[in-house]
Amino acid sequence: METKKIELLETYLSLYIDHFKVLESLKNPDDSDIVVLDVRNAPKQVKGDQIKGALPIAAKDLADHLDELDHDKTYVVYDWTGGTTLGKTALLMLLSHEFKAFELAGALEGWKGMKLPLEPAK
Amino acid sequence: METKKIELLETYLSLYIDHFKVLESLKNPDDSDIVVLDVRNAPKQVKGDQIKGALPIAAKDLADHLDELDHDKTYVVYDWTGGTTLGKTALLMLLSHEFKAFELAGALEGWKGMKLPLEPAK
Amino acid sequence: METKKIELLETYLSLYIDHFKVLESLKNPDDSDIVVLDVRNAPKQVKGDQIKGALPIAAKDLADHLDELDHDKTYVVYDWTGGTTLGKTALLMLLSHEFKAFELAGALEGWKGMKLPLEPAK
């Protein structure tokens, strides 16, 4: 059982990227291969704010935008909280189409809790 | 590793049902094969409200109520938030007894966040 | 698919321990083999309070403290909420080093929601 637990944890954790790497990319956005995708299914009035520099593509619309994405980039998706499945739905679509992609650990809730940079939702 | 990640995401996401399908069933509850189970381990005074039409069976009591459930129905369980394990504990019991069952994506927290229909806890 | 779902749920749920067992150990801390580890990466001023009796070892520092841990104990790790990956990161490190370890179901958020014993962060 311990082996199964370790394997599950390793795979599960490999789905995520932490905020340090995203913050690092914000310092030099032109040199970075990280693109943050805000996949919340909500109009910008409801979203209010978003992670600085994020590109808003709602998870429900992502299938229609895959041809605008770049296989040389690494996509980081986030939803409101880590307790939802929307980020994982978007992540599955990106990985299935052979994009490099991760879910942001802690989601927007964690980002805000650490008082990291935001901007008005786009 | 990408294959393992995709397999994990596919299985993980297949545990969940989203609120659209539950909302749809609320429109015609008599024709619907969906039954929403509120599995929170709390008295109704603490719960306060619940998803409209939900049947309250606390996860801790679920084993004693399995013979009242119907194999022709699809059960949708929810707890306070998606960050707990109670919904998954109930889901495992239902699936192990060959019921059709899912966890509500986003749990009660997500349902409330979208201002979907509630009623006083029963 | 149902078999895969059941296997995933069984392994996933086996990562967790519930608050009942932790509470039980608090009654007789000297006789208990449970040690609660607060693995939040935050200074004590930010943490404010913690689970009563918890030992604070930030996840980022855990690798440096493994030789202080006891293979006869059972470690229970927790982060702010169950929607983060920090608890699972710490858990993976502990299991990989052959410690008995679990994540606290519901994390600190669930513990506080149930008004269980806290103390000032150490």
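**Lys122(B) is exposed, with a relative accessible area of 52%.** Welcome to a set of close-ups of a predicted model. Here exposed means over 50% relative accessible area, buried under 20%, and partly exposed in between (1.4 Å probe, protein chains only). The side chain of Lys122(B) forms a salt bridge with that of Glu119(B), at 3.4 Å from N to O. A salt bridge is a side-chain nitrogen of Lys or Arg within 4 Å of a carboxyl oxygen of Asp or Glu. The partner, Glu119(B), has a relative accessibility of 19% and therefore counts as buried.

For finding your way around, residues are numbered from 1 along each chain as its sequence is written, while chains are lettered from A and ligands numbered from 1 in the order in which they are written. Local features need pLDDT of at least 70, side-chain atom pairs count only at pLDDT 80 or more, totals for chains, interfaces and linings use all residues, and side-chain values use heavy atoms, with hydrogens and water left out.

**Lys60(B) and Asp61(B) join their side chains in a salt bridge.** The N to O distance in this pair is 3.5 Å. Lys60(B) has a relative accessible area of 59% and is therefore exposed. Asp61(B), at 29%, is partly exposed. Over all chains, the whole structure holds 21 salt bridges.

**Glu103(A) is a buried residue, at 1% relative accessibility.** You will find Glu103(A) in strand β6 of chain A, residues 100-104. Helices (H or I, at least four residues) and strands (E, at least two) are DSSP runs, numbered from the N terminus. The side chains of Glu103(A) and Lys88(A) meet in a salt bridge, at 3.3 Å from N to O. Lys88(A) belongs to helix α4 (residues 86-96) of chain A and Glu103(A) to strand β6, so this pair ties together parts that are 15 residues apart in sequence. Both members of the pair are buried. Their side chains also make a polar contact, at 3.3 Å. By polar contact we mean a pair of N or O atoms within 3.5 Å; within protein, one must be able to donate a hydrogen and the other to accept it, and residues adjacent in sequence count only if both atoms are side-chain atoms. Leaving aside residues up to four places away in sequence, Glu103(A) touches Leu15(A), Tyr16(A), Ile17(A), Val77(A), Gly87(A), Lys88(A) and Leu91(A). Contact means heavy atoms within 4.5 Å.

**Helix α4 of chain B is largely enclosed by the rest of the structure, because eight of its 11 residues are buried.** This helix covers residues 86-96. Its buried residues are Leu86(B), Gly87(B), Lys88(B), Ala90(B), Leu91(B), Leu92(B), Leu94(B) and Leu95(B). Within chain B, they pack against α1, β1 (16-17), β2 (34-38), β5 (74-78) and β6 (100-104). Chain C joins in too, with its α1 (2-13). After α4(B) comes Glu98(B), with a positive phi near 65 degrees.

**Lys115(B) has a positive phi of about 55 degrees, although it is not a glycine.** Lys115(B) sits in the loop between α5 (107-113) and β7 (118-120) of chain B. Its relative accessibility is 74%, so it counts as exposed. Move over to chain C and you meet Lys115(C), also not a glycine, with a positive phi of about 55 degrees. Lys115(C) lies in the loop between α5 (107-113) and β7 (118-120) of chain C. At 74% relative accessibility, Lys115(C) counts as exposed.

**Chain B meets chain A through 14 of its own residues and 16 of chain A.** The area buried between the two chains is about 1400 Å², with 77% given by carbon and sulfur atoms. Buried area is the accessible area (1.4 Å probe) that two parts lose on being put together, summed over both. Between chain B and chain A there are zero salt bridges. One residue pair is in polar contact across this interface, both at pLDDT 80 or more. On the side of chain B that touches chain A, helix α1 (residues 2-13) of chain B gives the largest share, nine residues. That side of chain B is made up of eight nonpolar, two polar and four charged residues. Ala, Val, Leu, Ile, Met, Phe, Trp, Tyr, Cys and Pro count as nonpolar, Asp, Glu, Lys and Arg as charged, and the others, Gly among them, as polar.

**Gly83(A) comes closest to the rotation axis of the residues of chain A.** Its C-alpha is at 2.9 Å from the axis. A turn of 120 degrees, with a shift of 0.0 Å along the axis, lays chain A on chain C with an RMSD of 0.0 Å. The two copies are therefore related as by a three-fold rotation axis. Copies are superposed by least squares on the C-alpha atoms of residues with pLDDT of at least 70 in both.
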